[in-house]
Amino acid sequence: MSAIVNPEPVVHASPSAQPGQPIVKVDQIYKSFGANQVLKGVSFEVARGEMIAIIGASGSGKSTALRCIDRLETIDSGHIEVAGIRVDDPDVDLHKLRREVGIVFQSYNLFPHLTVLENVMLALRHVKMQSKGEAQKVALAALAQVGLDEKAGAYPEQLSGGQQQRVAIARSLAMAPKVMLFDEVTSALDPQLTGEVLRVMEDLAAGGMTMILVTHEMNFAKRVADRIIYMHQGRVWEVGPGEMLDNPHTPELQAFLAADL
Ligand code: ADP
Ligand code: MG
């Protein structure tokens with residue numbers, strides 16, 4: 001193992017000034033699983049309405065970083081703040097945090113015995129304690145946002161993988177989170193189904209949703225993300241706007257992009 005000689009991220013100048021106040025602050029977070037140090041001082045901020053794409057090789061710590069933001073993992077040291085909530089506070093109100101932060105995974109985990117509408121209503125009823133009528137209204141609006149209101153009465157098995165993932169996004173969206181996290185949500189889909197899911201995320205971004213997504217879709221990241229974070233071996237290695245991918249500065253990002261072609 002060669003020594004890490006590049007602990008400070010390489011930052012590309014952004015053409016646009018960062019809009020507004022950060023809503024996510026990740027400050028020098030460290031995380032180990034046993035002897036495996038997975039996050040080694042990761043820091044970044046996300047402004048309200050920004051879309052950030054996190055890219056990097058498998059095992060570089062992308063999912064762990066995302067999971068720490070929603071406190072699905074606890075950090076060993078550092079600080080995380082989301083929408084004014086101190087995530088690393090041992091007494092953090094997890095219900096409150098989970099209402100503010102939506103997370104969507106590669107596996108959509110819809111309940112097979114519930115309709116699309118019922119899947120989206122579930123957390124509205126049981127977490128937000130909405131009435132049935134209210135939950136139905138909110139769920140249908142969320143389904144309309146992902147273009148699936150006409151499938152409200154269908155069961156998950158009657159939908160394509162892309163449609164099921166869009167239902168999972170609607171389920172998260174219905175909770176009206178302030179920040180949405182997406183972890184490789186198109187990776188399990190056939191190529192012809194990824195487009196519809198990417199379009200939904202692009203619409204959300206255009207609508208001003210604050211989003212952090214881990215993705216392998218380099219062209220999408222380049223076109224849609226406000227900033228790209230390249231992670232390498234548990235560190236933020238290179239950061240910049242989409243054009244960064246046309247002009248990578250570090251040999252690590254150059255190699256990563258070359259391997260992806
Ligand atoms: P990425 O999403 O970039 O592929 P991950 O964050 O999933 O990377 O994983 C980074 C490292 O952390 C890997 O070595 C992985 O094996 C390890 N890891 C992730 N989650 C766990 C866990 N729950 N327990 C033990 N090791 C884990
Ligand atoms: Mg991952």
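Me: Which residues does Ala-170 touch, leaving out those up to four places away in sequence?
Reply: Ala-170 touches Val-120, Ala-142, Leu-143, Gln-145, Val-146 and Leu-148. Two residues are in contact if their C-beta atoms, placed from the backbone, lie within 7 Å.

Me: Before I go on, what kind of model is this?
Reply: This is a predicted model, where local features need pLDDT of at least 70, side-chain atom pairs count only at pLDDT 80 or more, and totals for chains, interfaces and linings use all residues. Residues are numbered from 1 along each chain as its sequence is written, while chains are lettered from A and ligands numbered from 1 in the order in which they are written.

Me: Back to Ala-170. Which residues have the most contacts inside the largest nonpolar core?
Reply: Ile-69, Val-120 and Ala-170 do, in a core of 70 residues. A nonpolar core here is a set of buried Ala, Val, Leu, Ile, Met, Phe, Trp, Tyr and Cys residues joined through C-beta atoms within 7 Å. Buried takes 20 or more other C-beta atoms within 10 Å of a residue's own, exposed takes 12 or fewer, and partly exposed is in between, with C-beta atoms placed from the backbone.

Me: Val-120 came up twice. Which residues of H3 are buried?
Reply: In helix H3 (residues 116–126) they are Val-116, Leu-117, Asn-119, Val-120, Met-121 and Leu-124. The cover over the buried residues of H3 includes helix H4 (132–145) and H5.

Me: How many helices and strands does the chain have?
Reply: Eight helices and 11 strands. Those are DSSP runs numbered from the N terminus, with at least four residues for helices (H or I) and at least two for strands (E).

Me: And what are the spans of the C-alpha trace along its principal axes?
Reply: About 55 × 45 × 40 Å. The radius of gyration is 19 Å, which agrees with the value near 18 Å for a compact globule of 261 residues. That radius is taken over C-alpha atoms, and the globule rule is 2.2 Å times the number of residues to the power 0.38. As for burial, 40% of the 261 residues count as buried.

Me: New topic: which residues are around ligand 1?
Reply: Phe-33, Asn-36, Val-38, Gly-56, Ser-58, Gly-59, Ser-60, Gly-61, Lys-62, Ser-63 and Thr-64. To be near a molecule or strand, a residue needs its C-beta atom, placed from the backbone, within 6 Å of it.

Me: Which element gives the most to that shell around ligand 1?
Reply: H1, with three residues. Strand E3 (36–47) and helix H1 (62–69) each supply at least two. The shell divides into two nonpolar residues, eight polar and one charged. In that count Ala, Val, Leu, Ile, Met, Phe, Trp, Tyr, Cys and Pro are nonpolar, Asp, Glu, Lys and Arg are charged, and the others, Gly among them, are polar.

Me: E3 is a strand, then. What is the order of the open sheet of four strands?
Reply: E3-E2-E5-E6, with antiparallel pairing. E3 and E6 stand at the edges with a single partner strand each, so one side of each is left without a neighbour in the sheet. Two strands pair if DSSP finds at least two bridges between them. E5 and E6 are joined by two bridges, and Glu-81 has Arg-86 in E6 as its bridge partner.

Me: Where is Ala-83 found?
Reply: In the loop between strand E5 (77–82) and strand E6 (85–86). Its phi is near 50°, a positive value in a residue other than glycine. Ala-83 is partly exposed, with 17 other C-beta atoms within 10 Å.

Me: How about the sheet of seven strands, what order is that?
Reply: E1-E11-E10-E4-E9-E8-E7, an open sheet with mixed pairing. Strand E1 (10–11) and strand E7 (101–104) are the edge strands, each pairing on one side only. E7 and E8 run parallel over four bridges, with Val-104 partnered by Phe-182 in E8.

Me: Is E11 mostly covered or mostly open?
Reply: Mostly covered: five of the six residues of strand E11 (residues 235–240) are buried. E1 joins E11 in parallel through two bridges, while strand E10 (residues 227–232) pairs with E11 in the antiparallel sense over five. E10 and E11 form a hairpin with two residues between them, and Gln-233 in the turn has a positive phi of about 45°.
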